[in-house]
Amino acid sequence: MFLKEFFYMPRSDRRTFTFLCTLILVVVILMGALSNTDDTSNKIESPEKAAKTRAERYESKEAKDEAIDENKIGSKLFYFDPNTADSTQLLQLGLRPWQVRNIYKYRARGGVYQCKEDFAYVYGLTVKDYRRLEPYIRIGADYLPASSLAEVKNHKRGYERNKRFENKSDDENATNGEQKTYTPKIRVGEHIEVNNADTTELMKIPGIGNYYSRQIIRYRDQLGGFVNKEQLLEIEDMPEDAIKYIAIDEKSIRKLRINQLTLSQLKRHPYINYYMARAITDYRRLHGKIRSMSELKLMKEFSSYDIERISPYIEY
(Lines give C-alpha, C1' and ligand atoms only; values in the text may rest on other atoms or scores of the structure.)
Protein backbone atom coordinates (compact mmCIF):
# COMPACT_ATOMS: atom_id res chain seq x y z
CA MET A 1 0.00 0.00 0.00
CA PHE A 2 2.83 2.32 0.92
CA LEU A 3 4.62 1.54 -2.35
CA LYS A 4 1.48 2.22 -4.37
CA GLU A 5 1.09 5.65 -2.78
CA PHE A 6 4.81 6.26 -3.23
CA PHE A 7 4.61 5.71 -6.98
CA TYR A 8 1.58 7.95 -7.31
CA MET A 9 3.35 10.81 -5.57
CA PRO A 10 4.68 13.67 -7.67
CA ARG A 11 8.26 13.15 -8.81
CA SER A 12 9.60 16.06 -6.71
CA ASP A 13 7.98 14.64 -3.56
CA ARG A 14 9.43 11.17 -4.25
CA ARG A 15 12.94 12.65 -4.53
CA THR A 16 12.54 14.58 -1.30
CA PHE A 17 11.25 11.48 0.53
CA THR A 18 14.10 9.32 -0.81
CA PHE A 19 16.68 11.92 0.21
CA LEU A 20 15.30 12.10 3.74
CA CYS A 21 15.29 8.31 4.13
CA THR A 22 18.86 8.08 2.89
CA LEU A 23 19.97 10.83 5.25
CA ILE A 24 18.33 9.11 8.23
CA LEU A 25 20.00 5.79 7.33
CA VAL A 26 23.43 7.45 7.08
CA VAL A 27 22.96 9.14 10.47
CA VAL A 28 21.98 5.83 12.09
CA ILE A 29 25.06 4.06 10.62
CA LEU A 30 27.40 6.83 11.76
CA MET A 31 26.02 6.76 15.30
CA GLY A 32 26.49 2.97 15.48
CA ALA A 33 30.08 3.26 14.24
CA LEU A 34 30.90 5.92 16.83
CA SER A 35 29.42 3.78 19.60
CA ASN A 36 31.60 0.77 18.58
CA THR A 37 34.67 2.97 18.50
CA ASP A 38 34.03 4.16 22.06
CA ASP A 39 33.60 0.57 23.28
CA THR A 40 36.83 -0.53 21.60
CA SER A 41 38.76 2.39 23.03
CA ASN A 42 37.48 1.47 26.48
CA LYS A 43 38.58 -2.16 26.05
CA ILE A 44 42.08 -1.42 24.73
CA GLU A 45 44.36 -0.26 27.51
CA SER A 46 47.51 1.70 27.03
CA PRO A 47 50.77 -0.32 27.36
CA GLU A 48 51.56 1.49 30.62
CA LYS A 49 48.18 0.67 32.13
CA ALA A 50 48.39 -2.98 30.98
CA ALA A 51 51.86 -3.33 32.53
CA LYS A 52 50.61 -1.83 35.78
CA THR A 53 47.67 -4.24 35.86
CA ARG A 54 49.95 -7.25 35.30
CA ALA A 55 52.29 -6.07 38.05
CA GLU A 56 49.39 -5.70 40.48
CA ARG A 57 48.15 -9.22 39.67
CA TYR A 58 51.66 -10.70 40.11
CA GLU A 59 52.15 -8.93 43.43
CA SER A 60 48.78 -10.19 44.59
CA LYS A 61 49.62 -13.78 43.58
CA GLU A 62 53.08 -13.54 45.18
CA ALA A 63 51.59 -12.25 48.42
CA LYS A 64 49.08 -15.12 48.38
CA ASP A 65 51.85 -17.70 47.82
CA GLU A 66 53.89 -16.20 50.62
CA ALA A 67 50.90 -16.39 52.92
CA ILE A 68 50.46 -20.06 52.02
CA ASP A 69 54.16 -20.75 52.66
CA GLU A 70 53.98 -18.97 56.00
CA ASN A 71 50.99 -21.05 57.01
CA LYS A 72 52.81 -24.17 55.88
CA ILE A 73 56.33 -23.56 57.17
CA GLY A 74 55.70 -20.89 59.75
CA SER A 75 56.22 -23.85 61.83
CA LYS A 76 54.20 -24.52 64.81
CA LEU A 77 57.12 -26.45 66.28
CA PHE A 78 56.52 -28.88 69.13
CA TYR A 79 57.90 -32.17 70.41
CA PHE A 80 56.71 -35.18 68.41
CA ASP A 81 57.34 -38.90 67.98
CA PRO A 82 57.50 -39.83 64.26
CA ASN A 83 56.23 -43.30 65.19
CA THR A 84 52.92 -42.03 66.60
CA ALA A 85 52.36 -38.49 65.25
CA ASP A 86 49.17 -38.18 63.19
CA SER A 87 48.82 -36.40 59.85
CA THR A 88 47.49 -33.18 61.42
CA GLN A 89 50.54 -32.85 63.67
CA LEU A 90 52.97 -33.65 60.86
CA LEU A 91 51.38 -31.05 58.59
CA GLN A 92 51.51 -28.45 61.37
CA LEU A 93 55.25 -29.11 61.61
CA GLY A 94 55.62 -27.95 58.01
CA LEU A 95 55.85 -31.31 56.24
CA ARG A 96 54.25 -31.60 52.80
CA PRO A 97 51.23 -33.89 52.34
CA TRP A 98 53.17 -36.33 50.14
CA GLN A 99 55.91 -36.54 52.80
CA VAL A 100 53.28 -37.36 55.41
CA ARG A 101 51.93 -40.10 53.14
CA ASN A 102 55.43 -41.57 52.84
CA ILE A 103 55.77 -41.64 56.63
CA TYR A 104 52.41 -43.45 56.92
CA LYS A 105 53.43 -45.98 54.25
CA TYR A 106 56.72 -46.66 56.02
CA ARG A 107 54.93 -47.23 59.34
CA ALA A 108 52.29 -49.43 57.65
CA ARG A 109 55.07 -51.71 56.35
CA GLY A 110 56.30 -52.19 59.91
CA GLY A 111 58.99 -49.51 59.76
CA VAL A 112 60.08 -47.98 63.06
CA TYR A 113 62.10 -44.83 63.75
CA GLN A 114 64.49 -46.02 66.46
CA CYS A 115 66.56 -42.83 66.63
CA LYS A 116 66.42 -39.23 65.40
CA GLU A 117 68.75 -40.00 62.51
CA ASP A 118 66.25 -42.52 61.09
CA PHE A 119 63.83 -39.65 60.43
CA ALA A 120 66.38 -38.09 58.04
CA TYR A 121 65.59 -40.91 55.59
CA VAL A 122 62.03 -39.65 54.98
CA TYR A 123 61.85 -39.35 51.21
CA GLY A 124 62.12 -35.74 50.06
CA LEU A 125 63.12 -34.33 53.44
CA THR A 126 65.75 -31.60 52.96
CA VAL A 127 68.70 -30.79 55.22
CA LYS A 128 66.94 -27.55 56.18
CA ASP A 129 63.77 -29.42 57.16
CA TYR A 130 65.69 -32.03 59.19
CA ARG A 131 67.77 -29.46 61.09
CA ARG A 132 64.60 -27.51 61.88
CA LEU A 133 62.75 -30.56 63.22
CA GLU A 134 65.61 -32.58 64.74
CA PRO A 135 65.63 -30.83 68.17
CA TYR A 136 61.93 -31.66 68.58
CA ILE A 137 62.07 -35.38 67.75
CA ARG A 138 61.39 -37.59 70.75
CA ILE A 139 61.41 -41.36 70.23
CA GLY A 140 59.06 -43.14 72.65
CA ALA A 141 60.60 -45.76 74.92
CA ASP A 142 58.47 -48.48 73.32
CA TYR A 143 60.12 -47.87 69.95
CA LEU A 144 63.75 -47.91 71.10
CA PRO A 145 65.82 -51.02 70.24
CA ALA A 146 65.10 -53.85 72.68
CA SER A 147 68.86 -54.14 73.23
CA SER A 148 68.73 -50.78 75.05
CA LEU A 149 66.76 -52.29 77.96
CA ALA A 150 68.76 -52.30 81.16
CA GLU A 151 67.97 -55.94 81.90
CA VAL A 152 69.13 -57.01 78.46
CA LYS A 153 72.37 -55.05 78.78
CA ASN A 154 73.03 -56.43 82.25
CA HIS A 155 72.34 -59.98 81.09
CA LYS A 156 74.70 -59.59 78.15
CA ARG A 157 77.45 -58.11 80.30
CA GLY A 158 77.00 -60.92 82.83
CA TYR A 159 77.15 -63.53 80.07
CA GLU A 160 80.32 -62.04 78.60
CA ARG A 161 81.96 -61.78 82.02
CA ASN A 162 81.15 -65.42 82.71
CA LYS A 163 82.41 -66.42 79.26
CA ARG A 164 85.71 -64.59 79.74
CA PHE A 165 86.06 -66.12 83.19
CA GLU A 166 85.47 -69.60 81.74
CA ASN A 167 88.06 -68.99 79.02
CA LYS A 168 90.52 -67.74 81.59
CA SER A 169 89.84 -70.73 83.79
CA ASP A 170 90.34 -73.09 80.86
CA ASP A 171 93.73 -71.55 80.20
CA GLU A 172 94.81 -71.73 83.82
CA ASN A 173 93.32 -75.06 84.89
CA ALA A 174 94.54 -78.44 83.85
CA THR A 175 92.77 -80.35 81.10
CA ASN A 176 92.85 -84.11 81.41
CA GLY A 177 95.58 -83.73 84.01
CA GLU A 178 97.82 -81.63 81.74
CA GLN A 179 98.53 -77.88 82.14
CA LYS A 180 97.74 -75.84 79.00
CA THR A 181 100.67 -74.15 77.33
CA TYR A 182 101.02 -70.48 78.30
CA THR A 183 100.93 -68.07 75.34
CA PRO A 184 103.78 -65.55 75.65
CA LYS A 185 102.88 -61.89 75.08
CA ILE A 186 104.73 -59.59 72.70
CA ARG A 187 106.62 -56.56 74.00
CA VAL A 188 106.05 -52.86 73.43
CA GLY A 189 107.21 -51.96 69.92
CA GLU A 190 106.31 -55.37 68.49
CA HIS A 191 103.21 -55.86 66.36
CA ILE A 192 100.83 -58.53 65.10
CA GLU A 193 99.39 -58.14 61.59
CA VAL A 194 95.67 -58.48 62.30
CA ASN A 195 94.33 -59.29 58.82
CA ASN A 196 96.27 -62.54 58.49
CA ALA A 197 96.71 -63.64 62.11
CA ASP A 198 94.95 -66.62 63.64
CA THR A 199 93.63 -66.80 67.20
CA THR A 200 96.94 -68.11 68.57
CA GLU A 201 98.88 -65.16 67.17
CA LEU A 202 96.27 -62.65 68.30
CA MET A 203 96.43 -64.01 71.85
CA LYS A 204 100.07 -62.89 71.98
CA ILE A 205 98.80 -59.30 72.17
CA PRO A 206 98.63 -58.03 75.79
CA GLY A 207 95.00 -57.79 76.87
CA ILE A 208 93.77 -60.21 74.18
CA GLY A 209 92.68 -63.66 75.26
CA ASN A 210 90.68 -66.45 73.69
CA TYR A 211 87.40 -64.44 73.69
CA TYR A 212 88.68 -61.27 72.04
CA SER A 213 90.83 -63.14 69.53
CA ARG A 214 87.71 -64.91 68.28
CA GLN A 215 85.72 -61.66 68.24
CA ILE A 216 88.43 -59.97 66.16
CA ILE A 217 88.44 -62.76 63.58
CA ARG A 218 84.63 -62.85 63.46
CA TYR A 219 84.38 -59.10 62.81
CA ARG A 220 87.31 -59.25 60.38
CA ASP A 221 85.45 -61.86 58.32
CA GLN A 222 82.28 -59.75 58.29
CA LEU A 223 84.14 -56.63 57.14
CA GLY A 224 86.45 -58.34 54.70
CA GLY A 225 89.48 -57.16 56.68
CA PHE A 226 90.50 -54.10 58.67
CA VAL A 227 91.70 -50.93 56.92
CA ASN A 228 92.60 -49.04 60.10
CA LYS A 229 93.18 -49.82 63.78
CA GLU A 230 90.22 -47.77 64.97
CA GLN A 231 87.84 -50.32 63.44
CA LEU A 232 88.84 -52.75 66.19
CA LEU A 233 87.23 -50.42 68.72
CA GLU A 234 83.89 -51.15 67.03
CA ILE A 235 84.10 -54.52 68.80
CA GLU A 236 82.22 -54.13 72.08
CA ASP A 237 84.48 -53.62 75.13
CA MET A 238 87.63 -54.04 73.04
CA PRO A 239 90.70 -53.14 75.21
CA GLU A 240 92.08 -49.87 73.82
CA ASP A 241 95.59 -50.59 75.10
CA ALA A 242 95.79 -53.57 72.73
CA ILE A 243 95.53 -51.33 69.64
CA LYS A 244 99.17 -50.20 69.82
CA TYR A 245 100.33 -53.79 69.26
CA ILE A 246 98.38 -54.20 66.02
CA ALA A 247 99.55 -53.66 62.42
CA ILE A 248 97.33 -53.44 59.30
CA ASP A 249 98.01 -54.93 55.86
CA GLU A 250 95.45 -53.32 53.54
CA LYS A 251 96.45 -55.62 50.67
CA SER A 252 94.60 -58.42 52.44
CA ILE A 253 91.20 -56.70 52.17
CA ARG A 254 88.42 -58.77 50.61
CA LYS A 255 86.30 -56.39 48.54
CA LEU A 256 82.61 -56.37 47.66
CA ARG A 257 81.70 -56.87 44.01
CA ILE A 258 79.02 -54.22 44.16
CA ASN A 259 77.66 -54.93 40.67
CA GLN A 260 77.26 -58.69 41.21
CA LEU A 261 76.11 -59.19 44.80
CA THR A 262 72.42 -59.56 45.64
CA LEU A 263 70.54 -57.42 48.17
CA SER A 264 70.80 -60.09 50.88
CA GLN A 265 74.54 -60.48 50.25
CA LEU A 266 75.19 -56.73 50.33
CA LYS A 267 73.35 -56.13 53.60
CA ARG A 268 75.51 -58.71 55.39
CA HIS A 269 78.35 -56.20 55.44
CA PRO A 270 78.44 -54.29 58.77
CA TYR A 271 78.55 -50.94 56.97
CA ILE A 272 75.58 -51.60 54.64
CA ASN A 273 72.04 -51.74 55.99
CA TYR A 274 68.91 -52.95 54.21
CA TYR A 275 68.02 -49.54 52.78
CA MET A 276 71.51 -49.00 51.37
CA ALA A 277 71.52 -52.47 49.79
CA ARG A 278 68.12 -51.87 48.25
CA ALA A 279 69.23 -48.48 46.87
CA ILE A 280 72.23 -50.17 45.19
CA THR A 281 70.17 -52.94 43.59
CA ASP A 282 67.46 -50.47 42.45
CA TYR A 283 70.10 -48.19 40.92
CA ARG A 284 71.67 -51.13 39.05
CA ARG A 285 68.27 -52.17 37.71
CA LEU A 286 67.41 -48.66 36.48
CA HIS A 287 70.81 -47.31 35.38
CA GLY A 288 73.08 -50.30 34.87
CA LYS A 289 76.42 -50.95 36.51
CA ILE A 290 77.84 -48.66 39.18
CA ARG A 291 81.21 -47.37 38.04
CA SER A 292 82.35 -44.98 40.79
CA MET A 293 81.67 -43.85 44.35
CA SER A 294 80.23 -40.61 42.97
CA GLU A 295 77.15 -42.58 41.90
CA LEU A 296 76.62 -43.80 45.46
CA LYS A 297 76.85 -40.19 46.67
CA LEU A 298 73.72 -39.45 44.62
CA MET A 299 71.69 -41.88 46.75
CA LYS A 300 69.99 -40.33 49.78
CA GLU A 301 70.59 -43.53 51.77
CA PHE A 302 74.35 -42.90 51.86
CA SER A 303 75.78 -40.10 54.01
CA SER A 304 79.31 -38.78 53.53
CA TYR A 305 80.31 -40.79 56.61
CA ASP A 306 78.88 -43.97 55.07
CA ILE A 307 80.75 -43.31 51.81
CA GLU A 308 84.02 -42.79 53.66
CA ARG A 309 83.65 -46.03 55.63
CA ILE A 310 82.59 -48.27 52.76
CA SER A 311 84.79 -46.95 49.91
CA PRO A 312 87.84 -49.16 50.76
CA TYR A 313 85.65 -52.26 50.41
CA ILE A 314 84.00 -51.50 47.05
CA GLU A 315 85.06 -53.22 43.82
CA TYR A 316 83.44 -52.44 40.46
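Hi everyone. A residue is called buried under 20% relative accessible area, exposed over 50%, and partly exposed in between. Please keep those cut-offs in mind, as I'll lean on them throughout. One more thing before we start: what we're looking at is a predicted model.

Let's begin with Asp 237. With a relative accessibility of 45%, Asp 237 falls between the two cut-offs, so it counts as partly exposed. You'll find Asp 237 in the loop that runs between helix H10, residues 210-223, and strand S4, residues 246-247. Its backbone deserves a look too: Asp 237 is not a glycine, yet its phi is positive, at about 65 degrees.

Now to the largest pocket. It holds about 700 Å³ of space. Which residues lie nearest its centre? Those are Tyr 121, Tyr 275, Arg 278, Lys 300 and Glu 301, out of 24 residues that line the pocket. Three elements each give two or more residues to that lining: helix H5 (97-108), helix H6 (116-119) and helix H12 (274-287). H12 gives the most, with five residues. As for the chemistry of the lining, 13 of its residues are nonpolar, eight are charged and three are polar.

Let's stay with H12 for a moment, for a salt bridge. Arg 285 pairs with Asp 282, and their closest N and O atoms are 3.2 Å apart. Both sit in helix H12, and because they are three residues apart, about one helical turn separates them. How do the two partners compare in accessibility? Arg 285 has a relative accessible area of 59%, so it is exposed, whereas Asp 282, at 28%, is partly exposed.

That pair isn't alone, and there is also a network to mention. Arg 96, Asp 129 and Arg 132 are joined into one network by salt bridges that share partners. Within it, the side chains of Arg 132 and Asp 129 meet at 3.7 Å, N to O. These two are three residues apart in helix H7, so about one helical turn lies between them. Are they buried or exposed? Both Arg 132 and Asp 129 are buried.

How many salt bridges are there in total? The count comes to five. One of them links Glu 134 and Lys 116, with the closest N and O atoms 3.6 Å apart. Glu 134 lies in the loop between helix H7 (127-133) and helix H8 (150-172), while Lys 116 is in helix H6, so this pair ties together parts that are 18 residues apart in sequence. Glu 134 is partly exposed at 25% relative accessibility, and Lys 116 is partly exposed as well, at 27%.

Over to the surface. Phe 19, Leu 20, Leu 23, Val 27 and Met 31 make a nonpolar patch of about 500 Å². If you want one residue to click on, try Leu 23, which is found in helix H2, residues 11-43. Its relative accessible area is 43%, so Leu 23 is partly exposed.

Last stop: Ser 292. This residue is in the loop between H12 and helix H13, residues 293-297. Ser 292 has 26% relative accessibility and so counts as partly exposed. What separation do we find between its C-alpha atom and that of Glu 315? The answer is 9.2 Å, for two residues that are 23 residues apart along the chain.

That's the tour. Thanks for listening!

Terms used:
Residues are numbered from 1 along each chain as its sequence is written. This is a predicted model: local features need pLDDT of at least 70, side-chain atom pairs count only at pLDDT 80 or more; totals for chains, interfaces and linings use all residues. Side-chain values use heavy atoms; hydrogens and water are left out. On a 1 Å grid over the protein atoms alone, a cavity is a set of points where a 1.4 Å probe fits but cannot get out, and a pocket is an open set with protein on both sides within 12 Å along at least five of seven lines; lining residues have an atom within 4 Å of a point. Grid points are joined across faces, edges and corners, and a volume is the space filled by probe spheres set on the points. Helices (H or I, at least four residues) and strands (E, at least two) are DSSP runs, numbered from the N terminus. Ala, Val, Leu, Ile, Met, Phe, Trp, Tyr, Cys and Pro count as nonpolar, Asp, Glu, Lys and Arg as charged, and the others, Gly among them, as polar. Patches are made of residues with over 30% relative accessible area and no salt bridge: like charges are joined within 9 Å, nonpolar side chains (Val, Leu, Ile, Met, Phe, Trp, Tyr) within 5 Å. Accessible areas come from the Shrake-Rupley method with a 1.4 Å probe; for residues, only the protein chains shown count as cover. A salt bridge is a side-chain nitrogen of Lys or Arg within 4 Å of a carboxyl oxygen of Asp or Glu. Buried means under 20% relative accessible area, exposed over 50%, partly exposed in between (1.4 Å probe, protein chains only).
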